[in-house]
Amino acid sequence: MTASTVAQYLAALPADRRAALSAVRKTINENLPDGYEEGMQFGMIGWYVPLSVYPAGYGENPKVPLSFVALASQKSGMVLHFLCFYGHPTLSTWFTSEYKKSGKKLDMGKGCVRFKSLEDLALDVVGRTVARVSAEEHMANYQAARALMGKGKSSAKKGAKKFAVKNHAAMRQTIRRVHY
């Protein structure tokens, strides 16, 4: 899919997928803290810290805004990528715990939640998760994770650096794995 706008992306989907992704999108937008923008990123609907706020960009690329959450339709279902989980393990742990309390079955990778239908997704948990991370906190977590990877100032221990490198690599791989 080569959509350049969210509207084009949604219009290109089958009706059932369009309805499901539109509902998830609405939940995210209703709970999104100030400082983020919505648009197309990596071939998905994305929410990110704009370059006007974080000019260094993702991976220190001043052309790519710092990703926060992404939403996509794939061949096998739909996926919600919580890019904010990388470098923020307590948020991921909280999310998993809250999701289990919802009674819904969680199909999750390191930062992606896969779902076949809207009924499979705990929308309230998605909304509360998005609401928990301000743009400032997300930028600080991202900078700390980069520092642990040796991409900035850090006196991190070897094990912490390996953890951060592994999680950053997983995030990049997740972004590349999106299929339409």
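1. A quick definition to start: a residue is called buried when its relative accessible area is under 20%, exposed when that figure is over 50%, and partly exposed in between. Take Arg25 as the test case: its relative accessibility is 25%, so Arg25 counts as partly exposed. Keep in mind that this is a predicted model.

2. Now the charges. Searching the whole structure turns up seven salt bridges. One of them joins Arg25 to Glu38, with 2.5 Å between the closest N and O atoms. Arg25 belongs to helix α2 (residues 15-31) and Glu38 to strand β1 (residues 37-41), so this contact ties together parts that are 13 residues apart in sequence. Glu38, like its partner, is partly exposed: Arg25 comes in at 25% and Glu38 has a relative accessible area of 26%.

3. Helix α2 also has a bridge within itself. Glu30 pairs with Lys26, and here the closest N and O atoms are 3.9 Å apart. Both residues sit in helix α2, four residues apart, which is about one turn of the helix. What about their surroundings? Glu30 is exposed at 56% relative accessibility, and Lys26 is exposed too, at 51%.

4. Next, have a look at Arg146 and Glu60. They form a salt bridge whose closest N and O atoms lie 3.1 Å apart. The two come from distant parts of the chain, 86 residues apart: Arg146 is in helix α5 (residues 135-148), while Glu60 is in the loop between β2 (44-49) and β3 (66-74). Buried or exposed, which is Arg146? Its relative accessible area is 9%, so Arg146 is buried. Glu60, on the other hand, is partly exposed at 41% relative accessibility.

5. Some charged residues go beyond simple pairs. Glu98, Lys101, Asp124 and Arg128 are joined in a network of salt bridges. It's worth picking out these four side chains together in the viewer.

6. On to the rings. The whole-structure search gives eight aromatic pairs. Among them is the pair of Tyr54 and Tyr142, which is edge-to-face, with 6.1 Å from centre to centre and 85° between the planes. Tyr54 lies in the loop between β2 and β3 and Tyr142 in helix α5, so to speak two distant parts of the chain, linked across 88 residues. Both rings belong to buried residues: the relative accessible area is 6% for Tyr54 and 7% for Tyr142.

7. Another pair to check is Phe82 with Phe95. This one is tilted, the centres being 5.0 Å apart and the planes at 50°. Phe82 comes from strand β4 (residues 77-82) and Phe95 from helix α3 (residues 89-101), and the pair links these distant parts of the chain, 13 residues apart. How accessible is Phe82? The figure is 0%, so Phe82 counts as buried. Phe95 is buried as well, also at 0% relative accessibility.

8. Back to the tyrosines for a moment. Which residues make up the aromatic cluster that includes Tyr54 and Tyr142? Phe42 and Tyr58 join them, and the four form one cluster. Recall that Tyr142 lies in helix α5, the helix that also holds Arg146 of the bridge to Glu60.

9. Last, a contact that mixes the two themes. Arg132 places its charged end over the ring of Trp94, 4.0 Å from the ring centre.

Terms used:
Residues numbered from 1 in each chain as written. Predicted model: local features only at pLDDT ≥ 70, side-chain atom pairs only at ≥ 80, totals over all residues. Heavy atoms only, no water. Salt bridge = Lys/Arg side-chain N within 4 Å of Asp/Glu carboxyl O. Buried < 20%, exposed > 50% of the residue type's maximum accessible area, 1.4 Å probe, protein only. Phe/Tyr/Trp six-rings, centres within 6.5 Å; stacked < 30°, edge-to-face > 60°. Lys NZ or Arg CZ within 6 Å of the ring centre and 35° of its normal.
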